[in-house]
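The report below describes the fold of a single protein chain for a reader who works with coordinates. Please keep the sequence and the model in view while reading.

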Amino acid sequence: MNSTAQSPLSFVEMFELPTVVDVRTAARALGVCPATVYRMLQRQVFPCPVLRVGGRYRIPTIELMRALGVDEHPVYSMELHRPTEFVQEAFAF
């Protein structure tokens, strides 16, 4: 990977995306370079529906997540980020 390449999106980052994303963000989610996404779009083999707004592509985040096999509801709980005292109290018997 060269120095200008960005790392793939993490699972948590996926749930923080806006409603639609650009090609560069979709490429990060798929773990490929933007040029690969453009080639897929030209060949009409992109794995989810794509919107064309003017001369730009926009990919609905929910469709991108489905194409990646990610459920639209997070499987983690925000309670896991609470202080350990909460966890100790919650499980005290």
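What follows moves from the overall architecture to the sheet, then to a helix and its surroundings, and finally to selected side chains.

## Overall architecture

The model is predicted, and all values given here were computed from it. Its secondary structure comes to five helices and three strands, which follow one another along the sequence in the pattern α-β-α-α-β-β-α-α. Of the 93 residues in the chain, 19% count as buried. When contacts with a sequence separation of 6 or more are considered, 45% of them are accounted for by residues 24 or more positions apart.

## The sheet

The three strands form an open sheet in the order 1-3-2, and their pairing is antiparallel. The edge positions are taken by strand 1 (20-21) and strand 2 (51-53), each of which pairs on one side only. In general, the strands of a sheet pair through backbone hydrogen bonds, in either a parallel or an antiparallel arrangement.

Strand 1 is joined to strand 3 (residues 56-60) in the antiparallel sense over two bridges, whereas strand 2 and strand 3, also antiparallel, pair over three bridges. Bridge partners in strand 3 are listed in the table for three residues.

| Residue | Bridge partner in strand 3 |
|---|---|
| Val-20 | Pro-60 |
| Val-21 | Ile-59 |
| Leu-51 | Arg-58 |

Strand 2 and strand 3 form a hairpin with two residues between them, and Gly-54, which lies in the turn, has a positive phi of about 65°.

## Helix 2 and its surroundings

In helix 2 (residues 23-30), the residues Val-23, Ala-26, Ala-27 and Ala-29 are buried. These residues lie on the same side of helix 2, because they cover an arc of only 160° around the axis. The partners against which the buried residues of helix 2 pack include both helices and strands, namely helix 1, strand 1, helix 3 (34-42), strand 3 and helix 4 (61-67).

Helix 2 is followed by Gly-31, whose phi is positive, near 75°. Gly-31 also takes part in a relation across the sequence, since Ser-7 and Gly-31 are 24 residues apart in sequence while their C-alpha atoms are 7.6 Å apart in space. Ser-7 itself is found in the segment before helix 1 (11-14), and Ser-7 counts as partly exposed because its relative accessible area is 43%, between the limits of 20% and 50%.

## Cysteines and aromatic side chains

How many disulfides does the model contain? With a disulfide taken as a pair of cysteine sulfur atoms within 2.5 Å, the count comes to zero. Two cysteines can nevertheless be described by their accessibility: Cys-33 has a relative accessible area of 38% and is therefore partly exposed, whereas Cys-48, at 8% relative accessibility, counts as buried, the cut-off for buried being under 20%.

As for aromatic rings, the structure holds one aromatic pair. In addition, Arg-52 lies over the face of Tyr-57, at 4.4 Å from the ring centre. Arg-52 falls within the residue range of strand 2 (51-53), and Tyr-57 within that of strand 3 (residues 56-60), so that this placement of a charge over a ring, for which the distance limit is 6 Å, involves residues of the two strands that form the hairpin.

Methods:
Residues are numbered from 1 along each chain as its sequence is written. This is a predicted model: local features need pLDDT of at least 70, side-chain atom pairs count only at pLDDT 80 or more; totals for chains, interfaces and linings use all residues. Side-chain values use heavy atoms; hydrogens and water are left out. Rings of Phe, Tyr and Trp (its six-membered ring) pair if their centres lie within 6.5 Å; planes under 30 degrees apart count as stacked, over 60 as edge-to-face and the rest as tilted. A charge sits over a ring if NZ of Lys or CZ of Arg is within 6 Å of the ring centre and within 35 degrees of the ring normal. Two strands pair if DSSP finds at least two bridges between them. Helices (H or I, at least four residues) and strands (E, at least two) are DSSP runs, numbered from the N terminus. Buried means under 20% relative accessible area, exposed over 50%, partly exposed in between (1.4 Å probe, protein chains only). The arc is that of the directions from the helix axis to the C-beta atoms. Contact means heavy atoms within 4.5 Å.
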